[in-house]
Amino acid sequence: MKYEFRMGNLLVKLEELKVKRVGLVLPEGLKVYADYISDELKKNGYEVIISGNFNYGACDVPDYNFDEICDCLVNFGHAPLPVESEIPLLFVEVDFIFPYMKILEKNIEALKKEGKRVGLIATVNYVKELDKVKKYLEDEGFEVFIGKGDNRLKFPGQVLGCDFSSASNISDKVDFYIFVGEGRFHPLGVAISTEKNVFAFDSDGIYSMNDYKDKILKERFGAIFRSKDSKKFGIVVSTKRGQKRLSLANIIKDKLEESGFKSDIILMDEIMPDKLYGFDYDSFIICACPRIAVDDSKRYKKPLLTPKEIEIILDGKEDYEMDQISQNDF
Ligand code: SF4
């Protein structure tokens, strides 16, 4: 894996802002480059403070004291989101490079069996590759679509783990999707939210998300079933600025209480199993990153539900809907 950091662009922006003390925020996979980035900035006369906390996305703006010791924050590896910050917040998109084109060429005949109309999606780190992939697939006879998402997505075709609008917006036009990127996190969300087959890459092949999607949905219906007899719900809200769905939590609280259930809102920064362990609620509803309930619930003792999943219990909805974040949630 290779990464391309756009340090030149960052230096221009820092110069324009006339700042001196720069706070760096990096996701786990890029922390190994913290000293390289820091050296580049120091060479250019900046002072650097590095956040040692986990960073999960552009939604995750440090809410502790950085504004007192830094003049600006720089988040690496994510595209901008409309989140508030006391000091200027810059995003440096990092391009990842891996040989997906070769894998695509090797598997093109198998993909042709899936249909002629394909939607392309990617994380921000690969989104600039989509035009190249589109051209290749069109030359192979596919009709290719790249959708535009809502105002939380900067690029056409870009998806977040909590926002698949660029995929759903073209869902009626495509037979299946190809996810250009790595891992199962993002393509899983697209597969659940669009109910279409999604193909994702790994280091030596391309595979359908269907089996994994079915496994996760089974787990989610298991959690919903286990929550059915709950009398007391803890509604957990994160203080992370791009995840803080407090208005939604209040709506859910009112609805639960109207239906005769007991509920309280619990506020915390990072949501972790140990922090919920001591509470005596029967189930928790997570009004923060939707993926905590969907992907991580096995780490928790009590069932975790998303705001969409509690609707299945309260309103008797039958269809599963993936929880996503929109600006209206805040
Ligand atoms: S809320 Fe979760 S999925 Fe959405 S950007 Fe933040 S960490 Fe990623």
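**Exercise 1.** How many disulfides does the structure hold?

*Solution.* Begin by keeping in mind that this is a predicted model. A disulfide is a covalent bond between the sulfur atoms of two cysteines. For the count used here, the two sulfur atoms have to lie within 2.5 Å. Now take Cys72, whose nearest cysteine sulfur, belonging to Cys70, is 7.5 Å away, and which is in no disulfide. For the structure as a whole, the number of disulfides is zero. As a last step, consider the surroundings of Cys72, which is buried, with a relative accessible area of 0%.

**Exercise 2.** Work out in which order the four strands of the open sheet stand, and which of them are the edge strands.

*Solution.* Reading across the open sheet, the order is E3-E2-E4-E5, and the pairing is parallel. The strands that pair on one side only are E3, covering 47-50, and E5, covering 89-92, and these are therefore the edge strands by what pairing means here, namely at least two bridges between two strands. Next, look at E2, residues 21-25, which is joined to E3 by four bridges; within this pair, Gly23 stands opposite Ile49 of E3. Finally, neighbouring strands of the sheet are turned against each other by 25 degrees on average, direction ignored.

**Exercise 3.** Describe how domain 1 and domain 2 meet.

*Solution.* First locate the parts: the protein is divided into domain 1 (2-94), domain 2 (100-208) and domain 3 (218-329). The centres of domain 1 and domain 2, taken over C-alpha atoms, are separated by 29 Å, and each of these two domains brings nine residues to the contact. Between them about 660 Å² is buried, with carbon and sulfur atoms giving 54% of that area. On the side of domain 1, Ala79, Leu81 and Glu93 supply 49% of the area buried against domain 2, more than any other three residues.

Conventions:
Residues numbered from 1 in each chain as written. Predicted model: local features only at pLDDT ≥ 70, side-chain atom pairs only at ≥ 80, totals over all residues. Heavy atoms only, no water. Axes fitted to C-alpha atoms, helices over the stretch in contact; angles between N-to-C directions. Buried < 20%, exposed > 50% of the residue type's maximum accessible area, 1.4 Å probe, protein only. Domains from an automatic or database assignment. Contact = heavy atoms within 4.5 Å. Buried area = accessible area lost by both parts, 1.4 Å probe.
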